[in-house]
Amino acid sequence: MEESGFLSRTCPVCGGAPPPAVEVRSETSAESLDFTALVPYWNGFFKEKVFFPYSRCRGCGLLYAPIFFNRSQLERLYAQMEPNMSEVPLEALRRTQYGYFEALKSCSHLEGGFIEVGPDIGLFTENCVREGRFDEYWLFEPNRDALPALSKVVEGRTFHVIHDMFGFSKLPERAASVAVLIQVLDHLLDPVGTLRALRQRMSSGAKLLLVTHDESSLLRRLVGWKWPAFCLQHPQIYSPQSICALLDAAGFEVLQQRKTVNFFQISYLVKHLLWAFGWKVRSVPGFGQLTIGLKLGNMLTIATPKAEGKNVPTSAP
Ligand SMILES: [Zn+2]
């Protein structure tokens, strides 16, 4: 029965056969538990970390889970989740998103149609409304609780909030000059199919902005299997190399890649450091609203659709 069994996957980027060796596994492997037993781990109710083992594709180098939840299991898991309740203060989150926006601003005129998949309450979108001249916004956000805040961000503009995360057919072809996916791509079972569908809605010269985890980062190597991005919600995790393979397969050309900075209040970091040592404190005085930027193993990639019917060489002559 498809409902109870897990999904067996070939490489979601190149279609290669599952690799024989496991590269990263948790002490308790997700495969050894059944779906119902995994739900509380998905929701983070237990301190113990459990995920599906990750292997590295020998064809394209992607680190992915050859066994994972199937589509109907994923729908059930996402549907029962509480709305996003980040403990990081909004101001720190805003600074992080503004850093992503500056990368977009440096390569786009910020006009025409704008697509964002998974905008949540619009912390990235608000920069585009304030500093851009986009004439239409298409926001694909499955979380209905985010709707009031998100609608307020684009108030007075022409906008559509679409609850189907992949309802790109609602857009005219070549309508968008910018498409943004922040921390979305790590969650998708079929990232190539999603990016291909998105590409059809993008004009030539349009910019695609992606923020994902980077499994080749120093932090991942330091933390090993306890790195937070190894979890039940990520069927694969990219590196700068494997995301290039993904974009190539989906018909995009990579323009730039960089490591990103996440901002936190110093008091938040100190509090969590004390917690790690076993001292439970509610607040840490003395730092006020001071924030600090850290590179936490995330990367930003900007790409553009390859020219139609043309084989774009991967390296310059
Ligand atoms: Zn592969």
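**Exercise 1. Which strands does H6 lie across, and at about what angle does H6 run to S11?**

Solution. The structure is a predicted model, and the strands concerned can be listed before the angle is read. Helix H6 lies across S7, strand S10 (176-182), strand S11 (202-213), S13 and strand S16 (298-305). Relative to S11, the helix H6 runs at about 150°.

**Exercise 2. Describe the sheet of 7 strands by its strand order, its pairing and its edges.**

Solution. Begin with the order, which is S9-S8-S7-S10-S11-S16-S13 in an open sheet whose pairing is mixed. Next, find the edges: strand S9 (159-162) and strand S13 (252-259) each pair on one side only. Then consider the twist, for which neighbouring strands of this sheet are turned by 15° against each other on average, direction ignored. Finally, take one pair within the sheet, where strand S7 (residues 111-117) and strand S8 (residues 133-140) run parallel and are joined by 7 bridges. In this pair, isoleucine 115 stands opposite tryptophan 138 of S8.

**Exercise 3. Determine how helix H6 packs against helix H8, and which residues make the contact.**

Solution. The axes of helix H6 (residues 191-200) and helix H8 (residues 240-249) come within 9 Å of each other and cross at roughly 50°. That angle makes H6 oblique to H8. As for handedness, H6 passes H8 in a right-handed crossing. On the H6 side the contact is made by Pro191, Val192, Leu195 and Arg196, which meet Leu246, Leu247 and Ala249 in H8. Sorted by character, the residues of this contact of H6 with H8 divide into 6 nonpolar, no polar and 1 charged.

**Exercise 4. Carry out the corresponding analysis for helix H1 and helix H2.**

Solution. Helix H1 (residues 35-42) and helix H2 (residues 71-79) have axes 11 Å apart and pack at an angle of about 40°. It follows from this angle that H1 is oblique to H2. The crossing in which H1 passes H2 is right-handed. From H1, the residues Phe35, Val39 and Trp42 meet Gln73, Leu74, Arg76, Leu77 and Tyr78 in H2. The residues of the contact of H1 with H2 divide into 6 nonpolar, 1 polar and 1 charged.

**Exercise 5. In the sheet of 3 strands, explain why one side of S4 and of S12 is left without a neighbour in the sheet.**

Solution. The open sheet has the order S4-S5-S12, and its pairing is antiparallel. Strand S4 (55-56) and strand S12 (236-237) stand at the edges with a single partner strand each, so one side of each has no neighbour in the sheet. Looking at one of the pairings, strand S5 (residues 63-64) runs antiparallel to S12 and is joined to S12 by 2 bridges. Here the bridge partner of tyrosine 64 is glutamine 236 in S12.

**Exercise 6. Judge how far the predicted coordinates can be read, first for the chain and then for residues 312-317.**

Solution. Over the chain, pLDDT averages 89, and 90% of the residues score at least 70. Over residues 312-317, however, pLDDT stays under 50, and the model has 4 contacts beyond four places in sequence for these residues. Where pLDDT is low, the predicted coordinates should not be read in detail.

Notes:
Residues numbered from 1 in each chain as written. Predicted model: local features only at pLDDT ≥ 70, side-chain atom pairs only at ≥ 80, totals over all residues. Heavy atoms only, no water. Axes fitted to C-alpha atoms, helices over the stretch in contact; angles between N-to-C directions. Helix = DSSP H or I, 4+ residues; strand = E, 2+ residues; numbered from the N terminus. Parallel < 35°, antiparallel > 145°, perpendicular 65-115°, else oblique. Left-handed = near helix turned anticlockwise from the far one by under 90°. Contact = heavy atoms within 4.5 Å. Nonpolar A, V, L, I, M, F, W, Y, C, P; charged D, E, K, R; others polar. pLDDT = per-residue confidence, 0-100. Pairing = 2+ DSSP bridges.
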